[in-house]
Amino acid sequence: MGETNDDIHDTIEQRVGIVDEDEAPSIVPSDPDARDLHDQEKAQRIEHEDLNRANKQVHSGLLLLWAAWQSTGVVYGDIGTSPLYVFSSTFSKQPSWDDLVGALSIIIWSLTLIVTIKYCFIVLSADDDGQGGSFAVYSLLARYASIVRNDPSQPERIMIRLDREIGEAKLPPAGRMVRGFLERSRTAKAILKIVGILGVSMVMADSVLTPAQSVLGAVQGLQVVRPDLGRGAIVGISCGILVFLFLIQPLGTAKIGTSFAPIVIIWLLFNFTINIYNLVEYDHTVLKAFSPHYAFLYLNRTGTEGWKSLGGLLLAFTGVETLFADLGAFGQRAIQISWLCLAFPCLLFTYAGQAAYISHDETGTAFTNPFYYTVPDGTFYFSIVIAILAAMVASQALITSSFQLISQLMRLSYFPHIKTVHTSRQFHDQIYMPLANWLLMIGTVVVTAVYNNTTSLGHAYGACVIIVTFITTCLVSLVALIIWRVPSPIVLFVFLVFILLDGVYLSAALNKVPDGGWFAIVLSFILSTIFILWRWGKEQQWEAETRDMIEPSELLLLSRNNSFSRSGSESGSSIRLRLRPEFGGANLSTVPGLGIFFDKLGGIGDDHIPKVFSQFIRKFHTRPQVIVFFHMRSLSMPTVPIEQRFVINRVTSKISSCYRVTLRHGYMDDVLTPNLTLRIVVELTGFITRGNPAAHDDLLPPSERNELLTLRDAQEAQTVYLLGKQTMRVQQREGRTLGNLIRRAALEAFLWIRENTRTKLANLHIDPDDVVEVGFLKEI
């Protein structure tokens, strides 16, 4: 929250940088140069702690139970509503008892092996600092193997930290061999990158298909009571529900999950209860399906038709990818509790009860709409209401995971930065992205209108899910070898079991590609192309920017005859800064005022200067009276205490009255406020006077007194915020070869996306009359 000017002055004694409680003031050196070195070392230590801060949250007690409650309302809406359409997507005619029990056995053991054992107990442990999803596994691998190219100018938090030296001696030969192959082979690196991106793209495609699939499946139940209800009405009602769902996303995951949890719980328990009744009333012998023997008999007896039916049966665990993708929002233990204690047992008996009813259905129509036909008389209207509400919740699972995955993509420079809103103080990774939300809404409504029935949608939907699970199996196996250091025979055995399961389902799902599954493949390909294009363009940008990184000594020369003070005041002779001859050699004049240059990179450990400053002095041959390199460092916490927000040190002795100011802030802190100038000046005053701003000027040493007077004069003159705007263009290459044309087209596409997703000046909550944008051109 913003502060008043009185608040700033009243708390000055508590807000002079960051002071350790156990650090006595007497240990601060009195010598100016030694004091500057002390400040820089302290700032480096704070930066190191910030950039290596663990983001993973581990909940316990009531907070864990609340997270589990929320996860029920978000994660299991998808997999929990699969009973609406699994049997109708599997069978095209009334199945026999043997076929029903065989299909039920496959469902039971798929939920047990793939969801419970693989995902709940293995995959959820392969998180990247608390984040889940296939791309998080790729990022985790990149910490322990040199398989990615990093931005050389970014700090450690944004760069992928290379932790390969940890446990080097304990890495088994098989893990060392696999890691070495991945690091040496450019082909292996490219395949890993493509696989990781494809996994994200498939989940994103899921995010468009899931809402349409779930809501259509629920609304179609109205045709049971109103057979005359046309397809247009069904689609219209579904689209209206979907629009409403996306409109409430700004409320945040915590509020939505807490509100939706009762709906999911009632839905799961309602299904559990009525299907226990169906088992007792109709046919409890279908419980023989808990023996995997019947699954093998079904596949052996039905042959090709049974294999094709797997494309429908896999819909029983669609939504499993959200258990992992939503990991950052809720945590591993919360998801495990809600799955094992509620969702898993309810789903097992729901499918068993539906099979019991269908096996004794004399009309031969129950399998076409298994949920609505199997509910007892007198509960139909309630079932319609709860099914539609549960279908809305089902859509939430993929919407939430989309926000989580886009956040990962942005962190690793595979997607342009878009506005991200943190929605919870207790759960740090619960976020909302307005642009992504509205794009998902448009895509979902279009898909619902085009794919106007759940069978055709299921073909596209199932292909996405099984490809993601296949990719996850491969990536987590590498994690087990390289990071967890599991013995290779165990990894190989577990890998073969799950890759065989995934492979069988994948082959059946790909058989559905001509019938609708092609849409998921095409959409994923388009998304993957965008992600890879952005990453490639960023790498070209980094390469171009690296050539322009300069230090003050490479840009400026100091002309003087005698000593000079920190404030730049004369001491017997004039002191003048000038550019080096290679930059024109012009003398720099000094203009009154405070110039605050926004520094995107920060970086206290080196002697770099922001690009906007170097461009400013090269173009205008002048410098502000007081210079501030202002860097904002976002931390993974709701708020940073006021007294710990600012870290200040001097940049270099070559530039007088020049400070590096780092503002540490949490995601709930409002820091770019109209009183930012006063905040910075107050902090600089405390820094110069060493925490004694109330001391009389005459009591200060001459150098500090002159430095303080310079700051006050600059503040009274004017304050200007200077931002850099780097405009990029494609470098002309000789020859009009096909390769050059493709490269130019790709770079032009990258630059177009970059230009239309950049942060605008209007987003800064400071007086626009005080803002100056310094433009400069860069060729890539």
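This text looks at one helix pair and then at the cavities of a predicted model.

Two packed helices are described by the angle between their axes and the distance between the axes. Here the pair is helix α12, residues 253-281, and helix α19, residues 380-411. Their axes come within 9 Å and cross at roughly 135 degrees. Angles over 145 degrees count as roughly antiparallel and those from 65 to 115 as roughly perpendicular, so α12 is oblique to α19. The crossing of the two helices is left-handed.

Which residues of α12 and α19 make the contact? From α12 come Thr253, Ile256, Phe260, Ile263, Val264, Ile266, Trp267 and Phe270. From α19 come Phe382, Ser383, Ile386, Ala387, Leu389, Ala390, Val393, Gln396 and Thr400. Sorted by class, the contact between α12 and α19 holds 13 nonpolar and four polar residues, with no charged ones.

The second topic is the empty space inside the model. There are five cavities of 30 Å³ or more, and the largest of them encloses about 60 Å³. This largest cavity is lined by 13 residues, of which Gly133, Ser134, Val203, Glu321 and Val468 are the closest to its centre. Which elements give two or more residues to the lining of the largest cavity? They are α7 (134-144), α9 (186-219), α15 (320-325) and α21 (454-482). By class, the lining of the largest cavity consists of eight nonpolar residues, four polar residues and one charged residue. A charged residue is thus found in the lining of the largest cavity, whereas the contact of α12 with α19 has none.

Methods:
Residues numbered from 1 in each chain as written. Predicted model: local features only at pLDDT ≥ 70, side-chain atom pairs only at ≥ 80, totals over all residues. Heavy atoms only, no water. Axes fitted to C-alpha atoms, helices over the stretch in contact; angles between N-to-C directions. Helix = DSSP H or I, 4+ residues; strand = E, 2+ residues; numbered from the N terminus. Parallel < 35°, antiparallel > 145°, perpendicular 65-115°, else oblique. Left-handed = near helix turned anticlockwise from the far one by under 90°. Contact = heavy atoms within 4.5 Å. Nonpolar A, V, L, I, M, F, W, Y, C, P; charged D, E, K, R; others polar. 1 Å grid on protein atoms, 1.4 Å probe; cavity = no way out; pocket = protein on both sides within 12 Å on 5 of 7 lines; lining within 4 Å. Points joined across faces, edges and corners; volume = space filled by probe spheres on them.
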